[in-house]
Amino acid sequence: MLGSGVLAVRLGGIYALQQLASQHAETYHVQIMRLFCAFIRNPPKDDLLDKGTYFEGEWHSPVVREDVQAAITAIGTRNVDHIRLETESGFVLDLRRARLKLAHLQHHRLDRANLSSADFHQANLEGVSLENASLDRADLSSSNLTSANLRGSSCSHVIAHKATAVESNLKGANLEGSLWSHANLEGSSLSSAILKGVDLTGAKLAGADVSCAAFGVGSRRFDDYQLGMMYTRQLYTSLTQAQLNEAVVSGGRPPRIPIGTKDSQTDAQLVWQIVCGH
């Protein structure tokens, strides 16, 4: 049924497997989750659903397919007992390069999942749990990460341009070389996060907790679309003193700002100004 050329048949297969995984979890849950992951990574060809659109002079890649959305929802809404079975068997969700543009993943549970190079452009990830997940090189641009939990996650070279991550938990996350330009990180926790080489140009940091966060030199990603290649450069964290002054710390633990980490506008050395009352 999952390999059918008819969308309704594929959806029926997904719902039937979801019910089987729930009713006979000890026997089938892990197998079916592995099958769903494979389906999301490589869904059967569907000329209608896979077709992009041409709008206002630009080509837009396809949004998440209805059958792929059904499969990721089946994975993300499994209960704690099912997650325990996965942990005991050593199973990790493998969703590398998943195409989830504009997907709805509100409050989904995807802890420890491998989502490297996945496409979450404009996806709704409000309240999603991605603790200790791998999101390296993922596209989170313009996504909604409000109240999301990315504690301890690996997010190096992520593209999160214009993402909304208000009151999100990025404590201890590795964000090295990621792009968070013009993102909204107000009230989020960046405590002990690795922010080396991160581009925070224009990002909103009011009330963001940067306790013990590590600024400085990191490897930042650049994409050359004309040559079809990606390269990296060693760059310092990019932000201004005014942005930093909007952030806060807890327990008197200031961020680590090595010499050379400068205001991206004035070129003056960035410093943690205790006089700001933080």
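## A buried serine in a loop

At 13% relative accessibility, Ser-156 falls under the 20% cut-off, so Ser-156 counts as buried. This is a predicted model, so please read every value here as computed from predicted coordinates. Ser-156 belongs to the loop that runs between helix H4 and strand S3 (217-224).

Who keeps this serine company? Setting aside neighbours within four places in sequence, Ser-156 is in contact with Asp-136 and Arg-137, and also with Asn-174, Leu-175 and Glu-176.

## Two positive phi values in the loop

Let's stay in that part of the chain for a moment. Most residues other than glycine have a negative phi. His-107, in the loop between H4 and S3, has a positive phi of about 60° although it is not a glycine. With a relative accessible area of 57%, His-107 is exposed.

Arg-112 is found in the loop between H4 and S3 too. Its phi is near 65°, again a positive value in a residue other than glycine. Is Arg-112 buried, partly exposed or exposed? Its relative accessible area is 34%, so Arg-112 is partly exposed.

## Helix H4, end to end

Now for the helix that comes before this loop. At the N-terminal end of H4, Asn-79 acts as the cap: one of its side-chain oxygens lies 3.0 Å from the backbone nitrogen of Asp-81. After the helix comes Gly-90, with a positive phi near 80°.

Which residues of H4 are buried? They are His-82, Leu-85 and Glu-86. These residues cover an arc of only 100° around the axis, and therefore sit on the same side of H4. Val-80 and Glu-88, on the other side of H4, are exposed. The cover over the buried residues of H4 includes helix H1 (7-23) and H2.

## How H2 meets H4

Two packed helices are described by the angle between their axes and the distance between the axes. For helix H2 (residues 25-41) and helix H4 (residues 80-89), the axes come within 10 Å and cross at roughly 75°. H2 is therefore roughly perpendicular to H4.

From H2, the residues involved are Ala-25, Glu-26, His-29, Val-30 and Met-33; they meet His-82, Arg-84, Leu-85, Glu-86 and Ser-89 in H4. By type, the residues of this contact divide into four nonpolar, three polar and three charged. His-82, Leu-85 and Glu-86, named above as buried residues of H4, are among those that meet H2.

## Helix H3 under cover

Helix H3 (residues 66-76) is mostly covered, with nine of its 11 residues buried. The buried set starts with Asp-67, Val-68, Gln-69, Ala-70, Ala-71 and Ile-72, and it also has Ala-74, Ile-75 and Gly-76. What lies over the buried residues of H3 includes H1 and H2. H1 and H2 are also named in the cover of the buried residues of H4.

## A buried proline after H5

One more stop, further along the chain. Pro-255 lies in the segment after helix H5 (241-246). Its relative accessibility is 9%, so Pro-255 counts as buried.

Which residues does Pro-255 touch, not counting residues up to four places away in sequence? Its contacts are Val-210, Cys-212, Ala-213, Phe-215, Val-249 and Trp-272. As for Lys-162, it is 93 residues from Pro-255 in sequence, and the two are 24 Å apart in space, C-alpha to C-alpha.

Note on methods:
Residues are numbered from 1 along each chain as its sequence is written. This is a predicted model: local features need pLDDT of at least 70, side-chain atom pairs count only at pLDDT 80 or more; totals for chains, interfaces and linings use all residues. Side-chain values use heavy atoms; hydrogens and water are left out. Axes are lines fitted to C-alpha atoms, for helices over the stretch in contact, and angles run from 0 to 180 degrees between N-to-C directions. Helices (H or I, at least four residues) and strands (E, at least two) are DSSP runs, numbered from the N terminus. Angles under 35 degrees count as roughly parallel, over 145 as roughly antiparallel, 65 to 115 as roughly perpendicular and the rest as oblique. Contact means heavy atoms within 4.5 Å. Ala, Val, Leu, Ile, Met, Phe, Trp, Tyr, Cys and Pro count as nonpolar, Asp, Glu, Lys and Arg as charged, and the others, Gly among them, as polar. Buried means under 20% relative accessible area, exposed over 50%, partly exposed in between (1.4 Å probe, protein chains only). The arc is that of the directions from the helix axis to the C-beta atoms. A polar contact is a pair of N or O atoms within 3.5 Å; within protein, one must be able to donate a hydrogen and the other to accept it, and residues adjacent in sequence count only if both atoms are side-chain atoms.
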